[in-house]
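Colleague: Could you take me through the aromatic rings in this model, and then the charged side chains? I'm new to this, so please spell out the terms as you go.

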Protein chains: 2
Amino acid sequence: MLVRVRGFVAFLIGALLCAVVGVRMGISDSGASASAAHLHYLADGRVALPADYRNWPFLSAGLDMNYAPGGMAMDHHMFDNVFVDPDSLRAFRSTGTWPDGTVFVREDRAGSSKGSINKSGQFQTPALMGLELHVKDVRRFKGGWAFFAFGSEQPATLIPKTAACYACHSAHGAVDTTFVQFYPTLLATAKQHGTFHER
Amino acid sequence: MLVRVRGFVAFLIGALLCAVVGVRMGISDSGASASAAHLHYLADGRVALPADYRNWPFLSAGLDMNYAPGGMAMDHHMFDNVFVDPDSLRAFRSTGTWPDGTVFVREDRAGSSKGSINKSGQFQTPALMGLELHVKDVRRFKGGWAFFAFGSEQPATLIPKTAACYACHSAHGAVDTTFVQFYPTLLATAKQHGTFHER
């Protein structure tokens, strides 16, 4: 119930903020973009971490993934966990693509081999090594999508459009700049809807 | 008027008591145990896969984890994803332990290194290699917990109590037979509540 109330309050705040921004930008009645329900933007453009993202649907986890041939070996192991907001996942299951307002959270955690009774392989530890957002908001961002990185407990900062992540996601994302090719339960949906590009 | 008010108060107290007793005994209004909300048992004791488990909160993913020293090397890579039903996770966050009715789903997926633009590390593929449940139901199962394994699309069969998973989870699970030591966002909660055992 509390979550619902909080969610509703967050929605109201988001809606209000978007209305204010909309008026300033000369945008009329259409009001809030869908992402307002999930994201809270500050006046300086930074964005707060969605408080409940660990309850959002999980898409996949990878270990030590590297897209660069001959990339430097790391001196540690790292898992990446990807979550997406539930409303957008519901829309994806119906359409095979992401609606405006989609929010992904990528959480990087240190992996460890030795601990408790584990003898080999890797498990995830509480050590958080990174936290990023990938957000679709066609009116707010040129190209429709933006990345944000959290450096600490503070709200996240927009990653500049010149960063490699934009070009790489744009060139290699199987569906609308996203790496659906690495999300095991979404691949088939995208293929069925004809939205999947082999990349 | 006073009588009416008194009667209403008594009714409220009675209703409250029934609710408390009902909750303590794990009885909901249908008479089913709390897990009934998430699990559907057949007359022969088999159990159906919760249809929406991929929308349940994700606890962690491991890669090629092995608890046996000198365990055989596998000729493939395998991720395990662990999900838990949302009601029980909410209870865990308040109490540091699992309520009656808790349902875990463990999903094993083949890992792959080469695919799309990935050059090293491992990502998850659609190839499902295993699906198991770990269920707490103190009236249904001696010891309170049971494991079920899915072999195919069919409902899952109870894993016999003599199987190694029971003894291992009982001896090494940090919280009430569960491996909370490998769930990065739950460790601190259990420690705060004094329910965590170093194992």
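Modeller: Here is a walk through the ring pairs, followed by the salt bridges.

Some ground rules: this is a predicted model, so local features need pLDDT of at least 70 and side-chain atom pairs count only at pLDDT 80 or more, while totals for chains, interfaces and linings use all residues. Residues are numbered from 1 along each chain as its sequence is written, chains are lettered from A and ligands numbered from 1 in the order in which they are written, and side-chain values use heavy atoms, with hydrogens and water left out.

Rings first. A pair of aromatic rings is described by the distance of the centres and the angle of the planes. Rings of Phe, Tyr and Trp (its six-membered ring) pair if their centres lie within 6.5 Å; planes under 30 degrees apart are stacked, over 60 edge-to-face, and the rest tilted. That rule gives 31 aromatic pairs over all chains. Take Phe58(A) and Phe83(B): their centres are 5.8 Å apart and their planes at 65°, so the pair is edge-to-face. This one crosses between chains, going from Phe58(A) in strand S1 (residues 58-66) of chain A to Phe83(B) in strand S2 (residues 77-84) of chain B. Strands here are DSSP runs (E, at least two residues) and helices are too (H or I, at least four), numbered from the N terminus. Phe58(A) and Phe83(B) are both buried, where buried means under 20% relative accessible area, exposed over 50%, and partly exposed in between (1.4 Å probe, protein chains only). Phe83(A) and Phe58(B) are buried as well. Those four Phe rings join Tyr53(A) and Tyr53(B) in one aromatic cluster.

Now the charges. A salt bridge is a side-chain nitrogen of Lys or Arg within 4 Å of a carboxyl oxygen of Asp or Glu, and the count comes to 16 over all chains. In one of them, Glu107(A) meets Arg54(A) at 2.8 Å, N to O. Glu107(A) sits in strand S3 (residues 103-112) of chain A and Arg54(A) in the loop between helix H1 (2-24) and S1, so the bridge ties together parts 53 residues apart in sequence. Glu107(A), at 0% relative accessibility, counts as buried, and Arg54(A), at 10%, counts as buried. In chain B, Glu107(B) and Arg54(B) form a salt bridge at 2.7 Å, N to O, and both residues are buried. Arg140(B) also bridges to Asp137(B), with the closest N and O atoms 3.7 Å apart.
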